[in-house]
Amino acid sequence: MTSPIISFQDYGFQYRAQAESTLRHINLDIYSGEKVLIAGTSGSGKSTIGNCINGLIPFAYSGESTGVLLVDGKEAKQSSIFELSHIVGTVLQDTDGQFIGLTVGEDIAFAAENDCVPQEEMKQLVDKVSALVDIGHHLEHAPHELSGGQKQRVSLAGVMIEEVKVLLFDEPLANLDPAAGRTTIELIDMVHERTGAAVLIIEHRLEDVLWRHMDRIILMNEGEIIADLPTAKLLAEEQLLEHGIREPLYFTALRYAGLEISEAIHPEHVERLVLSQTDKEKVRNWYQMQKAGIHSRQQGEELLCVEGLTFGYTPDSYTLQDVSFAIHKGEMVSIVGRNGAGKSTLAKLICGFEKPVSG
């Protein structure tokens, strides 16, 4: 049988500044080519596991470890961050904090420069990995000028230049809107197919991650692994909700319609659901009842009225232009939109933190 690329064996870790262990009795094997999601609420220990794998623990964050952690067959604590970086490439949630170069090309080349790769070979490597993540046409741009999704591509190219065996993503969707998050998951899936590296995603936005196939889900709680199951099997159970992970919204709709979530319906993604005609009818009827209920509700008094609202942070550019709507007593209203659409700016105007240009 193939040996795991990462192997935790009764592993534990306690930060020097903390009174109790953050990780306890971790037993986990991850194999080359796998796509694994590590999920858990804040403080569950999921990011600490990532820091153990890439060497930040114990070389940057000191503490006491017990048990064994093998990365590519070698004891991690007997290695170094430099050695581990040739095996594990890490993409953090704050991509801005990872940029080194003044241009995209320089940033991607950074690891190769450290390895004293000849310049001509380095240029070929940069061209190769930038093409893999579709960022080659931005090599002369400054990284900080790019969009959130483009920054993710640059960070990913920067770790791929080493041809690493493990790609570790620590909450890659934290600062992205749903559309950009979906694009990022598609990018990770594409890179996984092209490189064959093991992919670990540390994230609690379950529905967004499941936009593409995951082999299994590791569920953590209070420093311990409480579930390590194939995706469909774990989704069919109720452990996610019990431990603070919001289930996909289509699960909620199915439950409200009176359907049971089971492995048989292939719950991994909404587009892969296998429902009988009777079950589809149940969902359709539930939806129509909700829709009818909304329309039959009596409208309360008007509490907030926005008419022709226009605002810009600079005189020559408007963030909001001619926005009009009303909110009535008793309503529940969501303000949604992509990054930069003006959601937070609208909230600031409503609260009086900013003054309108007009309206």
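**View 1. Phenylalanine 13 meets leucine 23 where two strands pair up.** Start with phenylalanine 13: its bridge partner in strand E2 is leucine 23. Keep in mind that this is a predicted model. The pair belongs to a stretch where strand E1 (residues 6-15) and E2 run in the antiparallel sense, joined over 5 bridges. As a general point, strands of a sheet pair through backbone hydrogen bonds, in either a parallel or an antiparallel way.

**View 2. Pull back a little and you get a four-stranded open sheet.** The order here is E2-E1-E4-E5, and the pairing is antiparallel. At the edges sit strand E2 (23-30) and strand E5 (74-75); each has a single partner strand, so one side of each has no neighbour in the sheet. Helix H1 lies across E1, E2 and strand E4 (63-71), and its direction makes about 115 degrees with that of E1.

**View 3. Helix H1 is mostly tucked away.** How many residues of H1 are buried? The count is 8 out of 9. Here they are by name: Lys46, Thr48, Ile49, Gly50, Asn51, Cys52, Ile53 and Asn54. Just past the end of H1 comes glycine 55, which takes a positive phi of about 95 degrees.

**View 4. H1 also lies across a second sheet, this one with six strands.** This open sheet runs in the order E6-E7-E8-E3-E9-E10, with mixed pairing. Its edge strands are E6 (88-91) and E10 (224-230), each of them pairing on one side only. On average, neighbouring strands here are turned by 20 degrees against each other, ignoring direction. H1 (residues 46-54) stretches across E3, E6, strand E7 (166-170), E8 and strand E9 (216-221), running at about 145 degrees to E8. Helix H6 (residues 148-160) packs on this sheet too, touching E6 and E7, and makes about 165 degrees with the direction of E6.

**View 5. Inside the six-stranded sheet, E3 and E8 run side by side.** Strand E3 (residues 35-39) pairs with strand E8 (residues 198-202) in the parallel sense, over 4 bridges. Which residue in E8 is the bridge partner of leucine 37? That role goes to isoleucine 201.

**View 6. Threonine 184 is a residue worth finding in helix H7.** Look for threonine 184 within H7, which covers residues 178-195. Is threonine 184 buried or exposed? Its relative accessibility is 4%, and therefore threonine 184 counts as buried. Setting aside neighbours within four places in sequence, threonine 184 is in contact with Gln152, Leu173 and Leu176.

**View 7. Finally, the whole chain in one frame.** The protein chain has 13 helices and 12 strands. Its C-alpha trace spans about 70 × 55 × 45 Å along the principal axes. Of the 359 residues, 42% are buried. Among contacts between residues at least 6 apart in sequence, 64% join residues at least 24 apart. The accessible surface adds up to about 19,200 Å², with 50% of it belonging to carbon and sulfur atoms. As for charges, there are 30 positive and 52 negative ones, and their mean positions are 5 Å apart.

Methods
Residues are numbered from 1 along each chain as its sequence is written. This is a predicted model: local features need pLDDT of at least 70, side-chain atom pairs count only at pLDDT 80 or more; totals for chains, interfaces and linings use all residues. Side-chain values use heavy atoms; hydrogens and water are left out. Two strands pair if DSSP finds at least two bridges between them. Axes are lines fitted to C-alpha atoms, for helices over the stretch in contact, and angles run from 0 to 180 degrees between N-to-C directions. Contact means heavy atoms within 4.5 Å. Buried means under 20% relative accessible area, exposed over 50%, partly exposed in between (1.4 Å probe, protein chains only). Accessible areas come from the Shrake-Rupley method with a 1.4 Å probe; for residues, only the protein chains shown count as cover. Lys and Arg count as positive and Asp and Glu as negative; His and the chain ends are not counted. The place of a charge is taken as NZ of Lys, CZ of Arg, CG of Asp or CD of Glu.
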